[in-house]
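Trainee: Could you take one part of this structure and go through it closely, and then show me how it fits with the rest of the chain? I would like to follow the reasoning as well as the values.

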Amino acid sequence: MRVGMALNYAGGFAETVAELADYERAGLDIVFVPEAYSYDAVSQLGFIAAKTERLQIASGILQLYSRTPALTAMTAAGLDYVSQGRFTLGIGASGPQVIEGWHGVPYDAPLGRTREIIEICRKVWRREKLEYDGRYYQLPLPAGQGTGLGKPLKLINHPVREAIPILVAAIGPKNVALAAELAEGWEPVFYLPEKAAQTWGGPLAEGSAKRDPSLGPLDVIANAPLAITDGDVTPLRDFARPYIALYIGGMGAKGRNFYNDLACRFGYEAQAAAIQDAYLAGRKDEAAALVPAELLEKTSLVGSEAYLRDRLAAYRESGVTTLNVTPLAATHEQRVHLIERVRDLANA
């Protein structure tokens, strides 16, 4: 399994990027840079590319609605160029709160748009003339929708790779099936190995049946907090409580929260409803306290080395090929050591 890490620059961006060299030497394979309604990911990814040599870099994720498909393709080709072929394009739909609240565009047809954006990106990277007649994107723009002066263009530059890896962040059945069909990688949230097959097995099989063999095996990316300790694991696992409560309780409204739906599919219907009720009522601490201990345990890598070996085996057996970890430790040196250890354990 590859070992990845999401960039966390709470201590300062330049300092954090300088420290990536230590993680790179420790065996870190890939770093993911998030983009929600914070600083954009692209600027940071370009900076990281200039400061690293071997480390793979990935957007984690660019929202479908925040850029035109052609700009998404250009951006990916540019980042692959400055990193000398080390970039992975992570895309996802996000949700109505961010897309309509921050970007001011309708949150519509995430499934169809994902498919069309992937197809357009690959046409751009192959330097084909960009002609596309999709349901959601038409290139060039039809005459009735503009001046009629648009013409098919192709990318001026020759990309480093004409097949830049794409990963899709997805948790709903149809989106998961699409990721398995079209993308090189799939990144769910709250990956729980013991419930992965019952939750996503059907959609993964459906998508894989349509998959082009040239894409290779699907890279399955699982996120997990990481800590190695023989002591009390509760405080370390509790680190994720506010984050999980935010997603299950606060990301969306009643009846329109994809993460709440996922918790229900995991079998936590009553807890998910209680978390959402408390969170939407402003009782965030109560919502965090209601997150099931089992969910915290099974979606984390926190415990003794022997425990981690068992958990890593469970992740591997469920199909995970990349671990995207958050090392929990007080110092940079300790976090680097955690990356070294999990790298050794994951590949033992």
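Mentor: A polar contact here is a pair of N or O atoms within 3.5 Å, where, within protein, one atom must be able to donate a hydrogen and the other to accept it. Please keep in mind that this is a predicted model, and that every value below is computed from it. With that cut-off in hand, let us look at glutamate 181, whose side chain makes such a contact with the side chain of arginine 115, at 2.9 Å. Glutamate 181 belongs to helix α6, which covers residues 173–182. Its relative accessible area is 14%, and glutamate 181 therefore counts as buried, since the limit for that class is under 20%. Leaving aside neighbours within four places in sequence, glutamate 181 is in contact with Arg115, Gly207, Lys210, Arg211, Asp212 and Leu215, so a reader who starts from the pair with arginine 115 should also look at the other residues of that list, Lys210 and Arg211 among them.

The helix around glutamate 181 is mostly covered, for 8 of the 10 residues of α6 are buried. These are Asn175, Val176, Ala177, Leu178, Ala179, Ala180, Glu181 and Leu182. The buried residues of α6 pack against two helices, α5 (110–125) and α7 (193–209), and against two strands, β8 (166–169) and β9 (185–187).

From α6 we can step back to the whole chain, whose secondary structure comes to 15 helices and 12 strands. Buried residues make up 49% of its 348 residues. A compact globule with 348 residues would have a radius of gyration near 20 Å, and because the chain has 20 Å, the two agree. The C-alpha trace spans about 65 × 45 × 40 Å along its principal axes. Of the contacts with a separation of 6 or more, 74% are accounted for by residues 24 or more positions apart. The accessible surface comes to about 16000 Å², and 55% of that belongs to carbon and sulfur atoms. As for charge, there are 35 positive and 40 negative side chains, and the centres of the two sets lie 5 Å apart.

Helix α1 (residues 13–26) offers a useful companion to α6, and leucine 20 lies in it. With a relative accessible area of 1%, leucine 20 is buried, and apart from neighbours within four places in sequence it is in contact with Met5, Leu7, Val31, Ile48, Thr52 and Leu55. The C-alpha atoms of leucine 20 and isoleucine 48 are separated by 8.5 Å, although the two residues are 28 residues apart along the chain. Phenylalanine 13 lies in α1 too, but at 22% relative accessibility it counts as partly exposed. Phenylalanine 13 touches Leu7, Gln44, Phe47 and Ile48, not counting residues up to four places away, and its C-alpha atom is separated by 8.5 Å from that of glutamine 44, 31 residues apart along the chain.

Several loops also deserve a careful look at the backbone. The peptide bond from glycine 60 to isoleucine 61 is cis, with omega near 15 degrees, and isoleucine 61 lies in the loop between β3 (56–59) and β4 (62–63). A cis peptide bond also runs from leucine 139 to proline 140, with omega near -5 degrees, and proline 140 sits in the loop between β7 (138–139) and β8, β8 being one of the elements against which the buried residues of α6 pack.

Positive phi values occur in residues other than glycine as well. Glutamine 84 has a phi of about 60 degrees and is found in the loop between α3 (69–82) and β5 (87–92), where, with a relative accessible area of 70%, it is exposed. Alanine 109 has a phi near 50 degrees and is placed in the loop between α4 (96–103) and α5, and at 23% relative accessibility alanine 109 counts as partly exposed.

A last loop brings us back to side-chain contacts. Threonine 229 lies between β10 (219–228) and α8 (234–237), and its side chain reaches the backbone nitrogen of glycine 231 at 2.9 Å. Beyond its neighbours within four places in sequence, threonine 229 is in contact with Leu236, Gly303 and Ser304.

Definitions and conventions. Residues are numbered from 1 along each chain as its sequence is written. This is a predicted model: local features need pLDDT of at least 70, side-chain atom pairs count only at pLDDT 80 or more; totals for chains, interfaces and linings use all residues. Side-chain values use heavy atoms; hydrogens and water are left out. Helices (H or I, at least four residues) and strands (E, at least two) are DSSP runs, numbered from the N terminus. The radius of gyration is taken over C-alpha atoms; the globule rule is 2.2 Å times the number of residues to the power 0.38. Buried means under 20% relative accessible area, exposed over 50%, partly exposed in between (1.4 Å probe, protein chains only). Contact means heavy atoms within 4.5 Å. Accessible areas come from the Shrake-Rupley method with a 1.4 Å probe; for residues, only the protein chains shown count as cover. Lys and Arg count as positive and Asp and Glu as negative; His and the chain ends are not counted. The place of a charge is taken as NZ of Lys, CZ of Arg, CG of Asp or CD of Glu.
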